[in-house]
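Student: I should like a close look at a single part of this model, namely the ligand and its surroundings. Please describe that site and then place it within the chain as a whole.

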Amino acid sequence: MSDIQIKDKEYIAGTYARFPVTIVKGKGSVVYDENGKRYIDMGSGIGVTAFGVADDEWQKAVNEQISMVQHMSNLYYTEPCARLAEMLCKKTSMKKVFFGNSGAEANECAIKVARKYAAEKKGAEYSTIITLKNSFHGRTLTTLSATGQDHYHELFQPLTPGFVHAEANNFDDVKRLCEENKVAGILIECIQGEGGVNVLDADFVKKTAEYAKENDIVMMVDEVQTGNGRTGEMYAYMNFGIEPDVVTTAKGLGGGLPIGAAILGEKVQNVLGFGDHGSTYGGNPVCCAAACSIVSRIDEALMASVKEKSKFVFDSLNGAKGVVSVSGMGLMIGIKTEKSASDIVKKCIEKGVLCLTAKDKVRLLPSLNIPMDVLSEAVEIIKSVCSE
Ligand SMILES: *Cc1c(COP(=O)(O)O)cnc(C)c1O
């Protein structure tokens, strides 16, 4: 262990099982550790560095803003957050945005919006939020309640009440829970990320959204991981032909600075009023300038290249030795392997490729602009490790 790793082990709370690698710098999809070893980054900080590490345009946007004003309270206007909110609304045809600092906070905002909408429209007892089993929505006590995986819950009782979990891809179960409870909203990930890169059935997503609309239930999609170009569309729901009332996002939005957003559609655009919600750092001008530099580049050409690279990865891995199946969409890819995913990830690190896991799968979330030759080099290494 290096000095940095020893110090980290001593002073950082033990919530992370880190690999024995200390990253010191990088450019794009290539990063280096403290010994100068080169790695291809196929995880991009869990889908955060949308255009890679130390991207020129992103850096320029951050540096320019940081040299003007790095923070102002939400008592005053700043330009980058207004610009970013306009961009997000234009790209989604939605109406208003609330900015926070993380995915969990974006979901907290969505849940508050759903509950307030239902309380005013139907009565305060309409407070239940339906989420899916095997979902992941964050680590705060309320988003933990939303998360449909019991093992995250066990030692943190009591959680926030009012969450029930439906079977994914089982519309009858959603309907049953809507009939048995007084429901404010439904929150889903169109592709379950932490749950194992499971793409939901299009029919299930459509029926659920239609049912929500008919019954005036707030339909929310958690796009924290799937958002901002990751699936080959601006947001993953766009692949499913639905129009959600709330879209939450974070991770890739800031390209590496902390920002989360709850984007509100027509139905709920005016639910939040003065004092209903807030965040000291929410809409921070540096984070918003960073996010503007990301969102402004998520265009048709980039999405076409994401789809092309996705096809390359699927074609390369499908049927490869040691690979059971490949799931996902765009550059959000899960690989079910014959050997354990964590062993594969460890071996890939030795060979200079950083991958993630999701449940029992190897998960890839490379930067959206990963060059084709770098991607192909990484995929060859992953293939060879799977086949060993
Ligand atoms: C990562 C993630 C979150 C939590 O985001 P944080 O920024 O860590 O709070 C919520 N939902 C989904 C789908 C995620 O992938």
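Tutor: In this predicted model, a polar atom in the side chain of Asp222 lies 2.8 Å from a nitrogen atom of the ligand. Another nitrogen contact involves the backbone: an N or O atom of the main chain of Phe136 is 3.3 Å from a nitrogen atom of the ligand. On the oxygen side, the side chain of Gln225 places an N or O atom 2.8 Å from an oxygen atom of the ligand. Taken alone, the ligand would expose 380 Å², and the protein buries 82% of that area.

The residues that supply these polar contacts belong to a wider shell. Around the ligand are Ser102, Gly103, Ala104 and Asn107, then Phe136, His137 and Gly138, and further along the sequence Glu189, Asp222, Val224, Gln225 and Lys251. Sorted by class, this shell contains 3 nonpolar, 6 polar and 3 charged residues. With glycine counted among the polar residues, Gly103 and Gly138, both members of the shell, fall into that class. Among the secondary-structure elements, helix 5, which spans residues 103-121, gives the most to the shell, with 3 residues. As for the location of the site, the ligand sits in the largest pocket.

The chain that carries this pocket can be described briefly. Its secondary structure comes to 12 helices and 17 strands. Along the principal axes, the C-alpha atoms fill a box of roughly 60 × 50 × 45 Å. The radius of gyration is 21 Å, which agrees with the value near 21 Å that a compact globule of 388 residues would have.

Two features of the backbone deserve mention as well. The peptide bond from Gln157 to Pro158 is cis, with omega near -5°, and Pro158 lies in the loop that runs between helix 6 (141-146) and strand 6 (163-166). Ala54, a residue other than glycine, has a positive phi, near 55°; Ala54 is found in the loop between helix 2 (44-47) and helix 3 (56-66).

Note on methods:
Residues are numbered from 1 along each chain as its sequence is written. This is a predicted model: local features need pLDDT of at least 70, side-chain atom pairs count only at pLDDT 80 or more; totals for chains, interfaces and linings use all residues. Side-chain values use heavy atoms; hydrogens and water are left out. A residue is near a molecule or strand if one of its heavy atoms lies within 4 Å of it. A polar contact is a pair of N or O atoms within 3.5 Å; within protein, one must be able to donate a hydrogen and the other to accept it, and residues adjacent in sequence count only if both atoms are side-chain atoms. Accessible areas come from the Shrake-Rupley method with a 1.4 Å probe; for residues, only the protein chains shown count as cover. On a 1 Å grid over the protein atoms alone, a cavity is a set of points where a 1.4 Å probe fits but cannot get out, and a pocket is an open set with protein on both sides within 12 Å along at least five of seven lines; lining residues have an atom within 4 Å of a point. A molecule sits in a cavity or pocket if more than half of its atoms lie within 2 Å of its grid points. Helices (H or I, at least four residues) and strands (E, at least two) are DSSP runs, numbered from the N terminus. The radius of gyration is taken over C-alpha atoms; the globule rule is 2.2 Å times the number of residues to the power 0.38.
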